[in-house]
Amino acid sequence: MLPCPGKRRGPPPRLETAPTSAYSSPARSLGDTGITPLSPSHIVNDADPNVSEQQTFLVVVAIDFGTTSSGYAYSFTKEPECIHVMRRWEGGDPGVSNQKTPTTILLTPERKFHSFGYAARDFYHDLDPNEAKQWLYLEKFKMKLHTTGDLTMDTELTAANGKKVKALEIFAYALQYFKEQALKELSDQAGSEFENSDVRWVITVPAIWKQPAKQFMRQAAYQAGLASPENSEQLIIALEPEAASIYCRKLRLHQMTDLSSKAAVNGYSSSDTVGAGFAQAKEHVRRNRQSRTFLVENVIGEIWSELEEGDKYVVVDSGGGTVDLTVHQIRLPEGHLKELYKATGGPYGSLGVDYEFEKLLCKIFGEDFIEQFKIKRPAAWVDLMIAFESRKRAAAPDRTNPLNITLPFSFIDYYKKFRGHSVEHALRKSNVDFVKWSSQGMLRMSPDAMNALFKPTIDSIIEHLRDLFQKPEVSTVKFLFLVGGFAEAPLLQQAVQAAFGDKCRVIIPQDVGLTILKGAVLFGLDPAVIKVRRSPLTYGVGVLNRYVEGKHPPEKLLVKDGTRWCTDVFDKFISADQSVALGELVKRSYTPAKPSQLVIVINIYSSELDDVSFITDPGVKKCGTLRLDLTGASSTNVPARREIQTLMQFGDTEIKATAIDIATSKSVKVGIDFLNY
């Protein structure tokens with residue numbers, strides 16, 4: 001407990017709850033006038049003893065909710081070395097592995113959940129075009145959480161038919177679907193009914209997501225019944241590159257491809273070409289598709305055994321929507337991880353390649369036609385993008401033969417009606433040399449044309465990595481792990497190797513698309529493995545301080561009962577990019593500005609900036625309220641200056657705050673809330 005310094009000069013702070021003053025301050029209307037710091041700021045770095053509470057779950061199920069594809073994997077807590085990847089999915093595409101399922105969802109015209117994944121896509125595709133217009137089909141909707149600046153519980157998504165639907169409902173439907181699939185599979189395996197209470201759930205999110213998006217995912221999971229606010233520990237939100245990092249620690253030499261020519265790996269000497277590495281990676285992927293259970297040896301992998309205390313490595317998680325970069329450092333003896341630099345990245349996922357293809361189609365056939373085609377023939381548009389996806393995966397640096405993309409019949413037919421001439425005519429007339437028409441009804445793209453579609457996205461990733469490598473914390477990195485679905489692309493592998501192969505070893509786990517899923521399971525089994533994180537934001541509370549002439553702006557002055565106060569002061573708990581240990585508690589003591597005050601309101605604020613003085617500064621957002629009601633609390637032995645201790649616990653992917661009235665031990669807890677203010 002913090003000492004109550006009683007040596008303050010001047011009269012004790014007495015302040016009415018609703019002061020009247022010539023100056024209007026936003027803080028007053030928010031009720032921020034209630035507290036003043038009791039003592040000079042102090043931080044007490046206690047680790048909460050409850051952080052490593054005893055596990056009572058029988059199984060950990062991790063859901064990798066991706067932009068383009070999703071899946072789940074699980075492990076029984078009694079056999080943590082066995083990670084099971086979900087059953088094979090119905091359906092599938094030629095040329096695309098289906099250990100995961102597309103992140104697509106279909107609602108009936110009455111807006112009820114119908115199907116998810118391949119089932120949703122195939123059913124939608126088989127609907128009569130006029131009927132299809134009534135159904136709500138959504139895909140790649142996860143990006144909305146990254147791109148929406150003012151995300152709320154009411155944010156909407158647009159279905160393929162142009163109708164709007166609440167994002168929270170869609171995410172909850174998707175998570176509920178995974179919950180039902182996983183529980184059914186677990187029950188079948190165990191031969192008896194598996195209860196949701198037996199499961200600890202882990203959901204992965206990009207590390208670069210802002211706090212509101214991470215909280216949104218938690219709310220959707222509560223709505224889907226995975227956990228509840230009362231039992232929030234049942235659900236862990238894991239950061240995708242952290243999960244990948246945890247899995248990469250376990251890699252054995254035969255489970256990865258080393259693209260660097262610095263050392264012989266898997267029997268390849270340094271004179272072997274990078275191409276051999278690619279071929280070998282593909283062969284591994286092909287063989288591994290047959291197996292659904294992965295053994296994770298309870299040892300540190302060979303790669304890891306080369307790392308020494310303090311060594312650094314970068315995880316580049318390149319998925320469908322975003323690319324996430326994290327820098328970790330090893331802490332021995334247990335091999336715990338410390339985050340060295342806050343997660344960075346951006347919307348440079350493989351979707352960027354799809355957008356470039358769409359731009360190319362607009363260039364050839366006209367933007368007006370493509371827009372109309374998407375609205376009038378939504379299922380055919382989906383077909384066209386599926387055809388493109390399988391060819392996109394065939395792109396490679398050394399490819400010489402062209403790639404053929406089948407155009408749906410309705411595209412050819414609708415174009416003729418729309419323009420009055422043929423698709424072939426459009427291709428001849430356009431100035432796009434490297435795309436030709438093939439008489440079998442296909443677009444024939446030269447390898448250079450396909451590579452050009454990848455270029456803007458890959459350039460953004462390389463540029464972002466270059467910026468990261470300029471940072472002093474990242475200067476001496478030993479390894480770069482390339483993970484995520486987009487990491488399967490040989491063009492990206494080659495670009496990363498060419499740009500950074502001389503700075504560090506570039507490593508690709510063999511089942512690169514499942515790395516995050518497996519790491520998330522390991523994280524659920526032992527959430528304390530990441531010991532130190534970087535705070536993405538600056539956090540503090542709004543308080544009153546004694547007014548200091550010359551230091552405080554005159555418009556913040558409030559005089560009450562002879563005491564001069566400065567309002568709206570931001571009392572900082574922690575700064576952006578500050579290192580935070582797992583379970584670290586930051587404590588502050590405050591006192592009600594008016595001793596008789598029985599309802600104490602403490603408002604919590606956040607900012608992306610480090611240097612914050614007032615809660616009215618630009619970019620400061622309210623993100624939580626602690627409301628401590630002391631009515632009815634025993635008033636005997638209450639000191640004249642009541643001490644209210646405020647604690648914030650950091651280090652988890654969520655942040656919790658508590659206020660305690662020291663005299664009566666009455667307390668109130670709150671999760672930081674970025675969606676409802």
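A search of the whole structure, which is a predicted model, finds 29 aromatic pairs. In one of them, the rings of Tyr124 and Tyr137 have centres 4.3 Å apart and planes at 0°, so the pair is stacked. The two tyrosines come from distant parts of the chain, with Tyr124 in helix α2 (residues 118-126) and Tyr137 in strand β9 (residues 136-139), 13 residues apart. Both Tyr124 and Tyr137 are buried.

Phe373 and Tyr414 make another aromatic pair, tilted in this case, at 6.2 Å centre to centre and with 40° between the planes. Because Phe373 belongs to helix α11 (residues 367-376) and Tyr414 to helix α13 (residues 409-419), the pair ties together parts that are 41 residues apart in sequence. Phe373 counts as buried, at 0% relative accessibility, and Tyr414 is buried as well, with a relative accessible area of 12%. The two residues also belong to one aromatic cluster, formed by Phe365, Phe369, Phe373, Phe411, Tyr414, Tyr415 and Phe418.

Aromatic rings also take part in contacts with charged side chains. Lys556 lies over the face of Phe614, at 5.3 Å from the ring centre, and the charged end of Arg588 sits over the ring of Phe573, 4.9 Å from the centre of that ring.

**Salt bridges**

Side chains of opposite charge can pair when their charged atoms come close. The structure holds 23 salt bridges, and the table sets out three of them.

| Salt bridge | N to O distance | Location |
|---|---|---|
| Lys374 and Glu358 | 2.6 Å | Lys374 in helix α11, Glu358 in helix α10 (residues 351-365) |
| Arg428 and Glu424 | 3.6 Å | helix α14 (residues 423-429) |
| Asp459 and Lys455 | 2.7 Å | helix α15 (residues 447-470) |

The salt bridge between Lys374 and Glu358 links distant parts of the chain, since its partners lie in helices α11 and α10, 16 residues apart. Lys374 counts as partly exposed at 23% relative accessibility, whereas Glu358 is buried, with a relative accessible area of 18%. Helix α11 thus contributes Lys374 to this salt bridge and Phe373 to the tilted aromatic pair described above.

The other two salt bridges in the table each lie within a single helix. Arg428 and Glu424 are four residues apart in helix α14, which means that about one helical turn separates them. Arg428 is exposed, with a relative accessible area of 61%, while Glu424 counts as partly exposed at 37% relative accessibility. In helix α15, Asp459 and Lys455 are likewise four residues apart and therefore separated by about one helical turn. Asp459 is partly exposed at 36% relative accessibility, and Lys455 is partly exposed too, with a relative accessible area of 47%.

Salt bridges can also join into networks, and one such network links Lys140, Asp354, Glu389, Lys392, Arg393 and Glu488.

**A strand with two faces**

In a regular strand the side chains alternate between the two faces of the sheet. Strand β19 (residues 403-406) shows this alternation, with Leu403 and Ile405 buried and pointing to one face, while Asn404 and Thr406 point to the other face and are not buried. Strand β19 pairs with strand β21 (residues 442-445) in the antiparallel sense, over four bridges, and within this pairing Ile405 has Leu443 of β21 as its bridge partner.

**Positive phi in two loops**

Most residues other than glycine have a negative phi, and most peptide bonds are trans. Arg111 has a positive phi, near 70°, and is placed in the loop between β7 (104-107) and β8 (113-116). At 34% relative accessibility, Arg111 counts as partly exposed. Ser665 also has a positive phi, near 60°, and is found in the loop between β33 (656-661) and β34 (666-671). Ser665 counts as exposed, at 56% relative accessibility.

**The protein as a whole**

The protein contains 17 helices and 34 strands, and of its 677 residues 57% count as buried. Among contacts between residues at least 6 apart in sequence, 72% join residues at least 24 apart. The exposed area of the protein is about 28,400 Å², of which carbon and sulfur atoms supply 50%.

Conventions
Residues are numbered from 1 along each chain as its sequence is written. This is a predicted model: local features need pLDDT of at least 70, side-chain atom pairs count only at pLDDT 80 or more; totals for chains, interfaces and linings use all residues. Side-chain values use heavy atoms; hydrogens and water are left out. Buried means under 20% relative accessible area, exposed over 50%, partly exposed in between (1.4 Å probe, protein chains only). Contact means heavy atoms within 4.5 Å. Accessible areas come from the Shrake-Rupley method with a 1.4 Å probe; for residues, only the protein chains shown count as cover. Two strands pair if DSSP finds at least two bridges between them. Rings of Phe, Tyr and Trp (its six-membered ring) pair if their centres lie within 6.5 Å; planes under 30 degrees apart count as stacked, over 60 as edge-to-face and the rest as tilted. A charge sits over a ring if NZ of Lys or CZ of Arg is within 6 Å of the ring centre and within 35 degrees of the ring normal. A salt bridge is a side-chain nitrogen of Lys or Arg within 4 Å of a carboxyl oxygen of Asp or Glu.
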